[in-house]
Protein chains: 2
Amino acid sequence: MRLDHTHDASAKSWLEAANVNDTPFPLQNLPFGVFRRAGTVEGFRGGVALGDQVIDLGALTDAGAFDGLAAEAARACAQASLNAFFGMGPVAWRALRHALFALFKTRDESRRVGLEVDILEKCLIAQCDVEYCLPAQIGDYTDFYTSIDHARNIVKLIRPDGVVSPNFHWMPSAYHGRVSSIGLSGQRVRRPFGQRLTAGRQEPEVGACAKLDYELELGIFIGTGNEQGTRISVESAEEHVFGLCLLNDWSARDIQSWEAAPLGPFLAKNFATTLSPWIVTMEALAPFRAQWTRPESDPQPLPYLSSPETHASGAIDIQLEVALETGDTRRNGRAPTRLTHTSFRHQYWTVAQMVAHHTVGGCNLRSGDLLGSGTISGPTRAEAGALIELTEGGRSPIGLPNGETRSFLEDGDVVVMTGWCERPGYARIGFGENRGEVVPAKWA
Amino acid sequence: MRLDHTHDASAKSWLEAANVNDTPFPLQNLPFGVFRRAGTVEGFRGGVALGDQVIDLGALTDAGAFDGLAAEAARACAQASLNAFFGMGPVAWRALRHALFALFKTRDESRRVGLEVDILEKCLIAQCDVEYCLPAQIGDYTDFYTSIDHARNIVKLIRPDGVVSPNFHWMPSAYHGRVSSIGLSGQRVRRPFGQRLTAGRQEPEVGACAKLDYELELGIFIGTGNEQGTRISVESAEEHVFGLCLLNDWSARDIQSWEAAPLGPFLAKNFATTLSPWIVTMEALAPFRAQWTRPESDPQPLPYLSSPETHASGAIDIQLEVALETGDTRRNGRAPTRLTHTSFRHQYWTVAQMVAHHTVGGCNLRSGDLLGSGTISGPTRAEAGALIELTEGGRSPIGLPNGETRSFLEDGDVVVMTGWCERPGYARIGFGENRGEVVPAKWA
């Protein structure tokens, strides 16, 4: 994806909050979400984050701020889900992002398009005054398994030889996940009940999950899909991707280890999945693309998973952090404890490869479908994207600065995921926050 | 579920086609679907099958045929999907079925409710003149694995000891399936491409599936769901189930065996799933309930999967057949070859147990969600619900009467599934037909 003036770090907005050093949402980002004023019964509608504000796209459209394709795209965004907008494709996505960039860069642009002075301010709502809903009606959710370091960390816990399944090196493996239980940052996640087999026992028992975990992932929203029976080539795959958000794939490890053979994870994962509200567009991420490489000794990808662009710039350097708030840190006003810091650039398979593989057999993707990247772990222990890896299956609890320890999550824990891209000469592009709180099990 | 006058075999309709001996759709059935006149741009809307006709519920509502809860339910059915009707719950479902039973049993009923003479005929459309769409917007599709005979047949092919995974005896195992590729009877299923590892080779290759198979299943439509974080008890589970249809879980065995570890089936299953258009209500199936038993030596179900009613009448005796039409049988006007005849009553886990297990960890089901029963195989070879079982993994091709043989499906093959219930003293309740045709692979 080419870089253009919307990636220029020197571009500033007339909205000062967008120019603050540590904002996740400068003028160069412009991520999309769906919101309404908190506590109202207004309709949810599409918006774009800028600084500490939400740009109300419906209001801006009504004000006549756009014309041509950007106007059509903004009208599609005024709905309660972004599916129709996604379905318009990358030319429309770009038209709207570029129009927003122009309008919020200089006041001259609003005068040029004949807008009343100050009408743009009237289309802004402070982020602290809004609530969000899922940005799209998600038709299907697929969770991948694409981090070699995650795979190695997990396999070491369950197989003495520590050898990753041979297909891992040949395909971005995946399974279908649960759509109904996907929620948004702020989700309260009830600790699930389920069957688990205690070591040394012959018979399983039912109980509240004792090994509740998070998984640090990125969510990938499909923009445009494909007809059933056709495939999306790896070369064109990224044109089908709208953008990315943060995803917490909550996992019940004790339930998982008993249920997972032979059909894969089911109840261990389907009780909740949490997304951050803002989708960062692939266009905004363009400056942070990186070379995708794998060891020479590993199998090179089959032709349908390989293209010059995949190799040259298939990776994306997205910095990711997981932090833990506990009841104690909250009560005492302590900072959350950082558990993980890694980057998406280590991933063994790229976003384009996930899309190409998903459709190679003719499975149809639809606008608004969600892919999970799979747990994102880097090569060192501090870069592991789940507690099961950080604590070696719970055997080595981690210590928190306040003296608490954790093998797995406890009731009242809040998992906070953040993500951002930075590179000298470019504006910092943030994902905002993905928070989820563990609430106690209840046999209801 | 109690039996009442709507199960009375002696009840006849004034619509003679509903009284024909071999109709799948007598007055006692009244299955629900969504249809429109074929080749038109009419809106799809809910209908009920009776004999060779479709009762247009929207037209019947407009004519004032219903009142009270039945009228509300019929209005909900006039939409392009039955989700809202499903969400009304079993009292509403029953009210509408009973009102239809009365209206089509005797002409007196239409006079009683003040309808014009012959208005009911105007609300009928011949089934041969309509086309169907999916009866509900399916939010999530979950495929179970609940036939012990199927599990044993499969395990024998892949494990020398032939021992079924120990969790099979403790829980109705399942995985999430693909919603986007679910189609209706008549679906043309393109043979998928995918990765497979040929025996003796070190590296996988990409090619058209060489081991394309069907799986005989029942589709289970969820009527009313549950809130996230709560569960549905096994005692109340059937009140949440609207009804059943025939389901073909197309499977690419060569792709499956290479991809399935450790996350379960993915591309091997997500290219297509085919449903029959009519949903037979749980109420219509009430006379065919059967005792659910398992060998004394097997583990008895954990309390959350056990109730007196599950044991007394958890099974359902639904006769199921798979037949194969080939290019040759079609060209020469030969009858399709019957491949399988079995019954759903052999299933190791019941519908109520599937629902209770699915929600035990708080996963929320929604109106219109679809569960697949998993392959339905009985204890003998002739009762196996998939070619991989009938042909021992392809090693023992089956002969067709016209001299052809099949290890797996060939291009042009049409898989025809049918189902029905019969029991002395009760009307025969049919499911109609589920047809799907294999079309050649295309690298498009």
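Between chain A and chain B of this predicted model, 32 residue pairs are in polar contact. Let us stay at this interface for a moment and see who takes part. Strands E6 (141-145), E7 (173-176), E9 (187-190) and E10 (193-196) of chain A, together with helices H8 (253-259) and H11 (351-359), each supply at least two residues of the side of chain A that touches chain B. The largest share, four residues, comes from E7(A). If you sort the side of chain A that touches chain B by class, you find 29 nonpolar, 20 polar and eight charged residues.

How many residues of each chain are in contact here? On one side there are 57 residues of chain A, and on the other 56 residues of chain B. Together the two chains bury about 5,200 Å² between them, and 58% of that area is on carbon and sulfur atoms. Charged side chains also meet across the interface of chain A and chain B, where four salt bridges are found. You can look for a salt bridge between Arg178(B) and Asp140(A), with a distance of 3.4 Å from N to O.

Now let us turn to chain A on its own. Chain A is divided into domain 1, covering residues 5-133, and domain 2, covering residues 141-439. The contact between them takes 30 residues from domain 1 of chain A and 28 residues from domain 2 of chain A. Measuring from centre to centre on the C-alpha atoms, the model puts the two domains 29 Å apart.

What do the two domains of chain A bury between them? The area is about 2,200 Å², with 68% of it on carbon and sulfur atoms. Three residues of domain 1 are good ones to find in the structure: His7(A), Phe86(A) and Trp93(A) supply 28% of the area that domain 1 of chain A buries against domain 2, more than any other three residues.

Polar and charged groups join in here as well. Two salt bridges cross the interface of domain 1 and domain 2 of chain A. Arg94(A) forms a salt bridge with Glu283(A), and their closest N and O atoms are 3.3 Å apart. Between the two domains of chain A, eight residue pairs are in polar contact. On the domain 1 side, strands E1 (32-37), E2 (45-50) and E5 (130-133) and helices H3 (83-87) and H4 (90-105) of chain A each supply at least two of the residues that touch domain 2. H4(A) gives the largest share of that side, five residues. By class, the side of domain 1 of chain A that touches domain 2 has 16 nonpolar, eleven polar and three charged residues.

Our last stop is a pair of annotations from a database record. In an unreviewed entry, UniProt lists Asp143(A), Glu215(A), Glu217(A) and Asp249(A) under "binding site". Why can these residues be said to gather at one spot? They span 107 residues in sequence, yet no two of their C-alpha atoms are more than 11.3 Å apart, so they come together in one place. Asp143(A) lies in strand E6 of chain A, and Asp249(A) is in the loop between strand E14 (241-248) and strand E15 (251-252) of chain A.

Another "binding site" annotation from the unreviewed UniProt entry covers Asp249(A), Lys269(A) and Thr273(A). These residues span 25 residues in sequence, but no two of their C-alpha atoms are more than 7.8 Å apart, so they too gather at one spot. Asp249(A) is listed in one annotation and also in the other.

Terms used: Residues numbered from 1 in each chain as written. Chains lettered and ligands numbered in written order. Predicted model: local features only at pLDDT ≥ 70, side-chain atom pairs only at ≥ 80, totals over all residues. Heavy atoms only, no water. Domains from an automatic or database assignment. Contact = heavy atoms within 4.5 Å. Buried area = accessible area lost by both parts, 1.4 Å probe. Polar contact = N/O pair within 3.5 Å; in protein donor to acceptor, adjacent residues only side chain to side chain. Nonpolar A, V, L, I, M, F, W, Y, C, P; charged D, E, K, R; others polar. UniProt positions renumbered as here; feature names shortened; annotations may be inferred.
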